[in-house]
Amino acid sequence: MRVDLRQLKYFVVIAEHENFSRAAQQLYVAQSALSRRMRDLEEELGVRLFERHLRGAALTSEGRDLLNRARYLLRGFEQLRSDLGDQRSQPFGPVAVGMTPNFAATIGGPFAAAVCARYPGARLRLEEAYSPELRDQLLSGAIDIALLSGNPPVPVPAIAVEPLFEDRLCLVGRAGDPLLARGEVTIQQLRGLPLILTGMSSAGTRNELESLARRKRVDLDVKVEVATFGLAVQMIRLGLGYTVYVGSGVAKDADLAVVPIQGLWLNRSLAWPLQRPISRLAGEVLVLLRTQLAELVASDGWLGARPLHGKRPRSE
């Protein structure tokens, strides 16, 4: 097969712009030459990659499949080029880190600042998503490292998972609510409360809450389901109900109150793929991220965190 990296790069740029003309401008290549290279690629692969139309070009299903693989191959080549350079120099190149929303809101900025300060040649990309999507991105090669919340419903053997700490889950409502003035509430005390739940039922906070409720035979009254904690907060302020979230995500909201839920904790983990070697830069960024989180938890800078001592990385 005579597919080269330049063809793949051209393909990715066209796919991202969905337009041959704009892609040609970015690549400083004649549009006719770009079209010819894509026809050659389609003939070599034996599939149609684009559906041309008046406004540009849309990917076919085969094109979407190739896009994920092409991005992975191009990133891998960039990593290889940087790793094969002078080992005495600072690592450089692309590195992609995925974080669940609470991780991103809490440490995303400081972490990015630390990476940029220590590795000026790094091109950092931060992805924010829930744990199931982050696991998929680790497997596909879209990201190098992930910070995950909770345990997966089905183990993923191709991913190494290092437990970091546990986070206390709390009932969140408006400040001044007498229910939230207690030292702790039980899962039974959530029975009948109007709840605004965030995230996915198979992931993170939502999964831990619903699993505990099933074990204790408590029916939860879910009034609204939303994607983000920020949207849940808007509804809490309007008096629509309560949500469940980590205490670290609520510490700065003076008009909100939280109370820990007895026996409800959220595992926090660092993860990376096992089926391929990570780059030198990604390896050093992983250590930086681990150290930054350990220092934050040890200094009580992460409200509600409980360290996990002696835990070793494992495959899911």
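Me: What is the volume of the largest pocket, and what makes a space a pocket rather than a cavity?
Reply: The largest pocket has a volume of about 800 Å³, where a volume is the space filled by probe spheres set on grid points that are joined across faces, edges and corners. On a 1 Å grid over the protein atoms alone, a cavity is a set of points where a 1.4 Å probe fits but cannot get out, whereas a pocket is an open set with protein on both sides within 12 Å along at least five of seven lines. The model is a predicted one, in which local features need pLDDT of at least 70 and side-chain atom pairs count only at pLDDT 80 or more, while totals for chains, interfaces and linings use all residues. Residues are numbered from 1 along each chain as its sequence is written, and side-chain values use heavy atoms, with hydrogens and water left out.

Me: What makes a residue part of a pocket's lining, and which residues are closest to the centre of the largest pocket?
Reply: A lining residue has an atom within 4 Å of a point. The largest pocket has 29 of them, and V12, R71, L74, R75 and E78 are the closest to its centre. Helix 4 (61-83) is among the elements that supply at least two lining residues, and with eight residues helix 4 gives the most. By class the lining has 14 nonpolar, five polar and ten charged residues, where Ala, Val, Leu, Ile, Met, Phe, Trp, Tyr, Cys and Pro count as nonpolar, Asp, Glu, Lys and Arg as charged, and the others, Gly among them, as polar.

Me: Which residues lie nearest the centre of the second largest pocket?
Reply: They are P101, N102, Y245, V246 and G249, out of 33 lining residues, in a space of about 560 Å³. Helix 5 (101-118) is one of the contributing elements, and its five residues make the largest share of this lining.

Me: Why are strand 6 and strand 9 called paired?
Reply: Two strands pair if DSSP finds at least two bridges between them, and four bridges join strand 6 (residues 159-174) to strand 9, so the pair meets the cut-off. The two run antiparallel, and L169 stands opposite V246. In a regular strand the side chains alternate between the two faces of the sheet. In strand 9 (residues 243-246), T243 and Y245 point one way and V244 and V246 the other, and all are buried, that is, under 20% relative accessible area (exposed is over 50%, partly exposed in between; 1.4 Å probe, protein chains only).

Me: How many cavities of 30 Å³ or more are there, and which residues line the largest?
Reply: The count comes to one. The largest cavity is lined by L197, T198, T205, R206, L209 and V244, and helix 7 gives the most, with three residues.

Me: What makes the buried residues of helix 9 a single face?
Reply: Helices are DSSP runs of H or I with at least four residues, and strands are runs of E with at least two, numbered from the N terminus. Helix 9 (residues 280-298) has 19 residues. Its buried residues are L281, A282, V285, L286, L288, L289, Q292, L293 and V297. Seen down the axis, these fall within an arc of 165°, so they line one face of the helix, the arc being that of the directions from the axis to the C-beta atoms. On the other side, E295 and A298 are exposed.

Notes:
The expected span of a helix is 1.5 Å times one less than its number of residues.
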